[in-house]
Amino acid sequence: MRGRRLREGAGLALLNVFFIALCFVTLIPILYALSVSLNGQNSLLSSDFSFIPKDFTLDNYLAVFTGEDILTWFGNSILLAAATVAVSLAAAVPAAYCFSRRSFPGRRLVLRWLVLLNSFPAILSMFAVYRLLRPMGLTNHRLGLIIVYTGTMAVFSLWNMKGYFDTVPVEIEEAARMDGATDLQVVTRIVLPLAKPSVVVTALMVLIYVWNEYIYATTFMTGEANYTLAAGLYSLQATEMSGSWPVFAAASITVSLPVLVIFFLSQKHMSSGLTAGGVKG
Amino acid sequence: MEDRLKRQRRGWLVSYLWSAPSLALIALIVVFPILYTFFISLTNMNVYHWFDYTVIGLDNYVRALFVFDSGFLSALINTVLWTVVNMAIQLVLAFVLASLLNIRKLRLRKLYKTLLMFPWAMPGYVSILLWKTGMFNSEFGLLNQWMEALGLEARRWLSTDVSAFICCTVVNIWLALPFMLMIMDGAMQSIDRSYYESAVLDGANWLQRSWSITIPCIRPIIAPAVIITVFTTFKQFDVIYLLTQQMGAKTGSGLHTILTYAYENAFITNNYGYSSAISIIIFLLLLAFSARWQPGGEGEK
């Protein structure tokens, strides 16, 4: 009896050691970047490297925040993200409601095509989009990117919220209608508050998409003043990587922080707000 | 009777009006460019024929599908291999880790899960760039520092096809495992504990229990997520592009998946017509797959 308990205890200890090691190994690339970003420039190439910075300094972060470019990029990202989220939601919420609740000819067909379109990688039609936007003067313009981003996320937004609306019981709405509420009142007073998790998750997914998108931003925009954070970070590592790896590490950590915060705050909603829609972003 | 018909018509009109902005966006920015891509694929448009291109019919498709040297077929084979390898490793690892996480007496489960979620929570492109510079870079990458510490020769990790494939796979697994782990873990928690108790009484070992209880129970729950992951793996662009073939910073490996191949032909070698033909072929492949497999097809209710 005691032998068995001892064996179990040893097994459990082993399991804990295994998971601690696994977590550490998983986090190595992030920890290394964090440590490099907090370290003074000169200790970079020393061979006796450790994960605890020896020459602790915030200079690299200072360089990130005082670098003029990065603040411009930050502003661009905020502007693009806000505009894209606003347009996406304004377009997708009423449409998602209609597709979930009302029946009309063509509904099935459109839904079927939306599923198929959702599997289409936007990169494949990127050149066509580029060629269409260029004569309109939109290729080196933030408006062009907003248009591309809203379009790219439109299928997801519509489908994801439609999926969630489907799970909200109709009876509540019917009761409200009995009491004489108009369509608009039903949507704003009843459906939207009930569907809040899904609206929030959809908004967050669009936000994160814009925040992380680099390929359109670097291909369509020339001139660093127009870059978003993602595009800027990309150009930072591509052009002057060797000189500024600590600054690049600091910038990476800075850019990731808001996304990490959003992710862990919304993790609970994420699973319900996403799985109900049946699509992963 | 007529009144009812009228009201129904009015209802339809309202629905169309409410859906119009969203559907118009999709039509203009998603559907129309696809049609336009199809048109470009029938022409010889490239950097020299930006305006004065001519329609050349299906030549681009012939070149992609029947000329092996063009590279599309080998990219396609690579992509299939990539998808199979990645999915197999991912499923096995996620299954083993989720099983271990569900051992009942593991108290710190929550902490481990949170820490293991980090690769998923980080912006993907940032992680990939950090891997590229922090781990694989030949000068200050950790891998080479370790190699030197062990007295081995430093290597250029991303310079050959095979080692680039392995590196990309490692990074992709790192990125994708948390999602699969979360799905499997959630599915395993929904299994009734009493099945295991009676199995233990019958003397079944871990493998037998996994095979005859865990796997059958979680299969229907994880199926949609697995299918979605197969699609995202097949369509993976960021990992391969950012690690090995950034514009102006190629690492020397010729590894291509179909998406990076299409991108390279559009924006680097500027074979617009040919690249568009590739895009359409990939789109048709994906359509065929998703018509068959993609979940979420309006459960016909």
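1. Start with A223(B), which sits in helix α10 of chain B. This is a predicted model, and in it A223(B) has 14 C-beta neighbours inside 10 Å, so it counts as partly exposed; the buried class would need 20 or more. If you want a long distance to check, take A223(B) and I268(B): they are 45 residues apart along the chain, and their C-alpha atoms are separated by 38 Å.

2. V226(B) belongs to α10 of chain B too, a helix that covers residues 206-234. V226(B) has 18 C-beta neighbours inside 10 Å and therefore also lands in the partly exposed class. Its C-alpha lies 35 Å from that of Y16(B), with the two positions 210 residues apart in sequence.

3. What does α10(B) pack against? One partner is α3(B): the axes are 11 Å apart and the angle is about 140°. That makes the two helices oblique to each other, because the roughly antiparallel label is kept for angles over 145 degrees. The crossing of α3(B) and α10(B) is right-handed. On the α3(B) side the residues are T79(B), T83(B), N86(B), M87(B) and S99(B), and they meet S210(B), T214(B), T229(B), V230(B), T233(B) and F234(B) of α10(B). By class this contact has eight polar and three nonpolar residues, with no charged ones. If you look at the spacing within each set, keep in mind that an α-helix has 3.6 residues a turn, so residues three or four places apart point the same way.

4. Now α12(B), residues 258-267. Is this helix enclosed or open? Nine of its 10 residues are buried, so the rest of the structure largely encloses it. The buried ones are I258(B), L259(B), T260(B), Y261(B), A262(B), Y263(B), E264(B), N265(B) and A266(B); note that E264(B) is one of them. Their packing partners come from both chains: α5 (126-133) of chain A, plus α3 (72-101), α11 (238-244), β1 (245-246) and α13 (272-293) of chain B.

5. Just past that helix, have a look at N270(B), in the loop between α12 and α13 of chain B. N270(B) has a positive phi of about 60° although it is not a glycine. Most residues other than glycine have a negative phi. With 16 C-beta neighbours inside 10 Å, N270(B) counts as partly exposed.

6. On to the interface. How many residues of chain A are in contact with chain B? The model has 68 of them, against 75 residues of chain B. The elements of chain A that each supply at least two residues to this side are α1 (2-37), α3 (68-101), α4 (107-118), α5, α6 (142-167), α9 (196-212), α11 (229-240) and α12 (245-265). The largest share is that of α1(A), with 11 residues. By class, the side of chain A that touches chain B has 52 nonpolar, 13 polar and three charged residues.

7. One helix pair across the two chains deserves its own point: α12(A) with α6(B), residues 124-136. Their axes are 10 Å apart, at an angle of about 160°, and the two are therefore roughly antiparallel. The crossing here is left-handed. W245(A), F248(A), S252(A), V255(A) and S256(A) make the contact from α12(A), and V126(B), L129(B), L130(B) and T133(B) make it from α6(B). The class count is six nonpolar, three polar and no charged residues.

8. Chain A as a whole has 13 helices and zero strands. Of its 281 residues, 42% count as buried. Among its contacts with a separation of 6 or more, 73% are between residues 24 or more positions apart.

9. Last, confidence. The model scores ipTM 0.83 and pTM 0.86. Chain B has a mean pLDDT of 86, with 96% of its residues at 70 or more. Within chain B, α3(B) is the most confident element at a mean of 93, and strand β2 (residues 249-250) is the least, at 71. Where should you be wary? Over residues 296-301 of chain B, pLDDT stays under 50, and the model has six contacts beyond four places in sequence for this stretch. Where pLDDT is low, the predicted coordinates should not be read in detail.

Definitions and conventions
Residues numbered from 1 in each chain as written. Chains lettered and ligands numbered in written order. Predicted model: local features only at pLDDT ≥ 70, side-chain atom pairs only at ≥ 80, totals over all residues. Buried ≥ 20, exposed ≤ 12 C-beta atoms within 10 Å, placed from the backbone. Helix = DSSP H or I, 4+ residues; strand = E, 2+ residues; numbered from the N terminus. Contact = placed C-beta atoms within 7 Å. Nonpolar A, V, L, I, M, F, W, Y, C, P; charged D, E, K, R; others polar. pLDDT = per-residue confidence, 0-100. Axes fitted to C-alpha atoms, helices over the stretch in contact; angles between N-to-C directions. Parallel < 35°, antiparallel > 145°, perpendicular 65-115°, else oblique. Left-handed = near helix turned anticlockwise from the far one by under 90°.
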